Each structure stands twice: as C-alpha cells, then as structure tokens.
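Open the model in a viewer and keep the selection panel at hand. The stops below are meant to be taken in order.

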Amino acid sequence: MSYEVKSLNEECGVFGIWGHPEASRVTYFGLHSLQHRGQEGAGIVSNNQGVLKGHRDLGLLTEVFGKAENLEKLTGNASIGHVRYATSGTGEVNNIQPFLFKFFDGDFALAHNGNLTNAKTLRHEVEKEGGIFHSNSDTEILMHLIRRSEKETFKNRLKEALNQVKGGFAYVLLTDDALYAALDSNAFRPLAVGQMKSGAYVVASETCALDSVGAEFVRDVEPGEVIIINDEGMTIETYTKETQYSICSMEYIYFARPDSNIKGINVHSARKKMGKTLAKEAPVEADMVIGVPNSSLSAASGYAEESGIPYEMGLVKNQYVARTFIQPTQELREEGVRMKLSAVRGVVEGKKIILVDDSIVRGTTSRRIVKLLKDAGAKEVHVRISAPPLKYPCFYGIDIQTKKELIASNHSNEEIREIIEADSLEFISEEGLINSIGLKLDAPYSGLCMAYFNGDYPTELYDYQQNLAN
C-alpha cells in the first residue's frame, strides 16, 4: 500500500491521546500502525503541565524517532502525532506536522488529514491582512482563522474557524488544557475515538491504531462534530448542522488497513465482498486467482471463494526494499514495481490467471505486473479490478487532482486492456461496489463519496473547480 507500486496516496494519519503518563510513547505506537497513510514525514507534540514540546522530521516514524532522546524529551500526559504524505504542500520539514504554535496567551498544536478545497482563497485573505505562513501546507490556515476569531473561548474560536474551511478534514488539536478532534461535514476521512483501561482517551485516523495501543473503540467522530477531551472526560459538540455522510470509498477499496473498521464496516470484509461481487459480474475461466499484495489480497480471496477457482500466491512482495518514491522521475518510480514485486514462476508458469487488483490509476503499474506474470510463463492474464474505473480527480485528500493523470479518463476499457497487455479486463460496477461495502446510510450512494468514478462531487469545489477541465 505504498507510493512505489500504486502511485495513489492518501494524505496522512493522525493520532491523539489525553490522560496517559506515557502519552508520547503511546502516540508513537499508534502512529506506527498508521504508517501506511503517510511515509514522507512524522511528528509528535506533547503536553507536560501546559508546556507543549514537539519533534518532527522527514522520513518514516522509526527514522524520525530513531534516537531515543527525540521521544524521551516529549514528556507529559497528552500528545498528538502525525504521519504525512503530501497532497498539499511540498516535502520540506516546515510542512511536517503537527504544527506547534506559541502565542502570548498560550500554545497549541495542530495536525490534519485531508485537503481543503478553499485553501487558496483563505490563504490570500489571511495574507492580505498581514498573516504570515511558515509552510505551504493548507493545515496552517486553520490556525490563522482561529487567531482571527473574536469569540471568547478557544472552543468557540475553533468552531467559527471550522465553519470557514471547506473540503475534507480530520483535525486533532492540542492545547494546554484539552485535546480536540474535529471532522468535516461529510466525514470524507475516518476518525475514531477509543478509551484505554487506564481511562485515557485516544483519537485516531483508523481503529487499527486503537487496537495497537490496547484502546477499546468508543465511537466514530460524526460529520460536523467537535470532540473535547480533558481531565473532566469527553464532551461531544457540533459546529454545523449541515451534514451529509460522504465517506471516501477509496478508504474501503485501498487506503485503510484491512483490520480497521469504518462506520462499523470491517475493511477486509468489505474488500472480500467486492471480490465476490466481481466474480459474479465478471466471470472468466482460469486456473487460479491471485491478488496484488497487499491491498488486493482480500478482494482476490473473495473472487476465488465465489468462483470456486483456487486462490494462489502468484506474486510476492519484498517488504524490505528501499522506498522508491524518493526517485526523481516517474520512470524510475515505476522500475520500483520490479523491486517491490516478484512473480512466482513455479506457481504461474503455463497457467491461465485471474489477477485481482484494487484500482488502475495511470496504467503503468498494471502493465508492469501483467508483464511480470507473462515473463514468468503465465499463459493468460485476466485482470479484474475491485473498483470502478477511476475517471475523475479527488480534491478531498488524495494526490490525483487532474483528469490527465487517470488512464480511464482518456481511454475505453478495451484501450486500457490493450495498453496493459492483459487478455481481458473488467471493473466492478458502481452499484456492485456500494452494495459490497454495505453502509446503507441515508445519503446519496448509501453515504459514500463516489466522485472518482462518476464525477458527482458531494460539495462545491471552490478553488479546484477549474481542475475538472484538466
């Protein structure tokens, strides 16, 4: 589930905890289970009796906190953390979160998962009034809006600011006396609350992070909510009543870890059902079903189970290869596919194969995987995709923001099949995907954002409206 293979990325993962004597250490372990959501940089800010301290840097979590003192200095009973992949801003230390702000009337730290659709407009407004930005990330905008507010309490200033930012966001904020969690009015990005046996509250992008630190799931943060956690406990408030569920369907298809639950739906189970639906919608005669590691294995097992065709391990992922996303060109990044994946010749040679993958973005990766299998002697490779064709850009926190990056925007299914050199190619239907996930919320598409597949965006696009033409 990494940039090297797929070239499709979620922005980041956030984690927060209040009321634990080893808060920063717990945050480290929580972030470790969210590393798949961001591999470019990481950071943690702690609160020790009202004094906020932080450490952040480029690299994986284990690299950023490789020196023990970097974590040991972050003492206190509360902290927030962040792992980053950039959709907004560039790969510089100044863009690594959490951001820590020190003001005459108190400090606060801020971390964000998502993408604001009116960030450019808001930034221009703030700069015209003399505001100074230290990063080119859209996250910093919220701080300026909070500081501009004339409301009396931090909570009310935060609520006013949240009503001004648009798009997809899951925020965690840390002040001297509280931890705040806030979600956009469509719940594009997941955010869950848990509680440890000690009583400490935990907030995380995915429930797998709660499990990893021994916290019991309490509830999902609902769209338009602000949750305040302090020494008194947890308080749930709203900043807007204008809400409608539009959970990012790609969370279920690709981004989230299989052991996470989003709005009560287990990700592995949803992917397995996608595979079963795909087997019904697009059957084909073959000797075996294989999945592309790791995010497509659940769907592949579902396809095999429904079709009665044996599931085999025809591709092996090398878990220890260097992160090839640091390579400067797309061509070199694509070569990372061969470093990352190997075909098992003894399994695939002379066989007709059904290759299950979760998506086709630019097509180059799919073509290389098909070639890997055919070079290893596969007789036929029939590609089955557990998502509909990706035809439209995303503006809520995925790094695809123009149509020209998407092969399905510019080519028919048959043309894509020819480009990737597969013997056949079929995608799951939109209806099949929605039914497989099974959210059944009272909202369009049962509460899923399906804009990547059909261009039906659940919000205004503001600054990104012109991107639809590109």
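Start with helix α6, residues 140-148, which is mostly covered, with 7 of its 9 residues buried. This is a predicted model, and everything on the tour should be read as such. To see the covered part of the helix, select E140, I141, L142, M143, H144, L145 and I146, the buried residues of α6. Then show what surrounds them. On the strand side, the buried residues of α6 pack against β5 (99-103), β6 (106-116) and β7 (167-175). Among the helices, α5 (119-128) and α7 (154-162) are packing partners of those buried residues.

**Two cis peptide bonds**

Next, select Q97 and P98. The peptide bond from Q97 to P98 is cis, and its omega is near 0 degrees. P98 sits in the loop between β4 (78-84) and β5, and β5 is already on screen as one of the elements that the buried residues of α6 pack against.

Now select P293 and N294. They too are joined by a cis peptide bond, with omega about -5 degrees. Look for N294 in the loop between β17 (288-291) and α11 (297-307).

**S296, in the loop between β17 and α11**

Stay in this loop and select S296, which also lies between β17 and α11. Is S296 buried or exposed? S296 counts as buried because its relative accessibility is 0%, where the cut-off for buried is under 20%. Add D358 to the selection and draw a distance between the two side chains: a polar contact of 2.9 Å joins S296 and D358. Leaving out residues up to four places away in sequence, S296 touches D358 and its list of contacts also holds G291, V356 and D357.

**Q35, another buried loop residue**

Move to Q35, in the loop between α2 (23-32) and β2 (41-48). Q35 has a relative accessibility of 14%, and therefore counts as buried. Which residues does Q35 touch, not counting those up to four places away in sequence? They are L60, L61 and V83. For L61, show the backbone as well: its nitrogen lies 3.0 Å from a polar atom of the Q35 side chain.

**Two positive phi values**

Follow β2 to the loop between β2 and β3 (51-58), and select Q49 there. Q49 is not a glycine, yet its phi is positive, at about 55 degrees. Q49 counts as exposed because its relative accessibility is 78%.

The next selection is S446, in the loop between α17 (430-437) and β23 (448-449). Here phi is near 60 degrees, again a positive value in a residue other than glycine. With a relative accessible area of 22%, S446 is partly exposed; this value lies between the limits of 20% for buried and 50% for exposed, which means that S446 falls into the class in between.

**The two domains**

Zoom out and colour by domain. The domain assignment gives domain 1 as 13-243 and domain 2 as 266-439 + 457-469. The contact between them takes 22 residues from domain 1 and 15 residues from domain 2. Taken over C-alpha atoms, the domain centres are separated by 32 Å.

**A pocket lined by both domains**

Keep the domain colours and select K166, S185, N186, E242 and T459. Among the 19 residues that line the second largest pocket, these lie nearest its centre. The volume of this pocket is about 340 Å³. How do the residues of its lining divide by type? There are 6 nonpolar, 9 polar and 4 charged residues. Each of domain 1 and domain 2 supplies at least three residues of the lining.

**A closed cavity**

For the last stop, turn to the interior. The structure holds 6 cavities of 30 Å³ or more, and the second largest has a volume of about 110 Å³. To find this second largest cavity, select P190, L191, D220, I262 and K263, the lining residues nearest its centre. Its lining has 16 residues, which divide into 9 nonpolar, 3 polar and 4 charged.

How values were computed: Residues numbered from 1 in each chain as written. Predicted model: local features only at pLDDT ≥ 70, side-chain atom pairs only at ≥ 80, totals over all residues. Heavy atoms only, no water. Helix = DSSP H or I, 4+ residues; strand = E, 2+ residues; numbered from the N terminus. Buried < 20%, exposed > 50% of the residue type's maximum accessible area, 1.4 Å probe, protein only. Polar contact = N/O pair within 3.5 Å; in protein donor to acceptor, adjacent residues only side chain to side chain. Contact = heavy atoms within 4.5 Å. 1 Å grid on protein atoms, 1.4 Å probe; cavity = no way out; pocket = protein on both sides within 12 Å on 5 of 7 lines; lining within 4 Å. Points joined across faces, edges and corners; volume = space filled by probe spheres on them. Nonpolar A, V, L, I, M, F, W, Y, C, P; charged D, E, K, R; others polar. Domains from an automatic or database assignment.
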